[in-house]
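I opened this notebook to keep track of what I looked up in one model, element by element. The entries follow the order in which I checked things.

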Amino acid sequence: MSVPPLGTIAGVVVPGDGRGRELGFPTANLALERGSLPVDGIYAAWVGIDDDPQVWAASVSVGANPTFDGHRERRVEVHLHDAELDLYGRRLTVTLMVFLRPTLCFDGAAALIAQTADDVARCRALLTP
């Protein structure tokens, strides 16, 4: 039984704060092309890069990242699993498959890192055929 996608987000990768890389989970920040964003939270997703037919498993954060810098504008950050690619300027098509949890505010970096590691493990399991 296949699960229908929750939606698709597309955009070009632009520089972000660099915090994901510092925390051990590098992310591609998207400049969004159109449409509205889904509810804030963490998602398991498949990601296409430019017109390449290959898709990558990913963990995706939608929201304002309240743990750092208080309230900021909503954004989409994509962590590709098992990939170290230079994505700046490339167009990503993100197909959201499963909603894992809502966005949370953590007491600090250590709690965020632990939760992110759990999120990535859950995404991997959900996206494994």
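Entry 1, a term and a caution. In these notes I take contact to mean heavy atoms within 4.5 Å. The model is predicted, and I therefore keep in mind that where pLDDT is low, the predicted coordinates should not be read in detail. The mean pLDDT of the protein chain is 86, with 86% of its residues reaching 70 or more. Among the elements, I found the highest mean pLDDT, 96, in E3, and the lowest, 67, in helix H1, residues 19–23.

Entry 2, His81. Leaving out residues up to four places away in sequence, I listed what His81 touches, and found Trp56, Ala57, Ala58, Ser59, Val120, Cys123 and Arg124. One of these, Ser59, also joins its side chain to that of His81 through a polar contact of 2.7 Å. His81 lies in the loop between E5 and E6; is this loop residue buried or exposed? With a relative accessible area of 4%, His81 is buried.

Entry 3, Asp82. I then turned to Asp82, which is found in the loop between E5 and E6 and is exposed, with a relative accessible area of 63%. Its phi is near 55°, a positive value in a residue other than glycine.

Entry 4, Leu80. Leu80 has its place in strand E5 and counts as buried, at 7% relative accessibility. Setting aside neighbours within four places in sequence, I noted contacts of Leu80 with Val47, Ile49, Trp56, Ala57, Ala58, Leu85 and Leu87. For Ala58 I also looked up the C-alpha to C-alpha distance from Leu80, which is 4.4 Å across 22 residues of sequence.

Entry 5, the cores. Which residues have the most contacts inside the largest nonpolar core? That core has 19 residues, and I wrote down Leu30, Val60, Val78, Leu80, Leu92 and Val94 as the answer. At least two residues of this core come from each of strand E1 (7–14), strand E2 (28–32), E3, strand E4 (55–63), strand E5 (75–80) and E6. A second core, separate from this one, has 7 residues, including Ile42, Ala44, Ala57 and Leu100. As general background, nonpolar side chains tend to be buried together in soluble globular proteins. I followed Val94 further, and, not counting residues up to four places away in sequence, Val94 touches Gly7, Thr8, Ile9, Leu30, Ala45, Trp46, Val47, Val60 and Val78.

Entry 6, strand E3. Why is E3 described as largely enclosed by the rest of the structure? The reason I noted is that 8 of its 9 residues are buried. E3 runs antiparallel to E4, to which 8 bridges join it, and E3 also pairs with E6 in the antiparallel sense over 8 bridges. Gly48 shows both pairings, for its bridge partner in E4 is Val55, while in E6 Gly48 stands opposite Thr93.

Entry 7, the hairpin. The hairpin of E3 and E4 has 5 residues between the strands, and Asp50 is found in this loop. Although Asp50 is not a glycine, its phi is positive, at about 50°. I recorded Asp50 as partly exposed, at 34% relative accessibility.

Entry 8, an aromatic pair. How many aromatic pairs does the model have? The count comes to 1 aromatic pair. I classed the pair of Tyr43 and Phe99 as edge-to-face because their ring planes stand at 70°, with the ring centres 5.2 Å apart, and the cut-off for this class is over 60 degrees. The pair links distant parts of the chain, since Tyr43 is in strand E3 (residues 41–49) and Phe99 in strand E6 (residues 91–101), 56 residues apart. Tyr43 is buried, with a relative accessible area of 2%, whereas Phe99 counts as partly exposed, at 34%.

Entry 9, Met97. My last lookup was Met97, whose place is in strand E6. Met97 counts as buried because its relative accessibility is 16%, which is under the 20% cut-off. Leaving aside neighbours within four places in sequence, Met97 is in contact with Val3, Pro4, Pro5, Leu6, Ala44, Ala45, Trp46 and Leu127. Met97 and Gly7 are 90 residues apart in sequence, yet their C-alpha atoms are 7.6 Å apart in space.

Note on methods: Residues numbered from 1 in each chain as written. Predicted model: local features only at pLDDT ≥ 70, side-chain atom pairs only at ≥ 80, totals over all residues. Heavy atoms only, no water. Phe/Tyr/Trp six-rings, centres within 6.5 Å; stacked < 30°, edge-to-face > 60°. Buried < 20%, exposed > 50% of the residue type's maximum accessible area, 1.4 Å probe, protein only. Core = buried A, V, L, I, M, F, W, Y, C linked by side-chain atoms within 4.5 Å. Polar contact = N/O pair within 3.5 Å; in protein donor to acceptor, adjacent residues only side chain to side chain. Pairing = 2+ DSSP bridges. pLDDT = per-residue confidence, 0-100.
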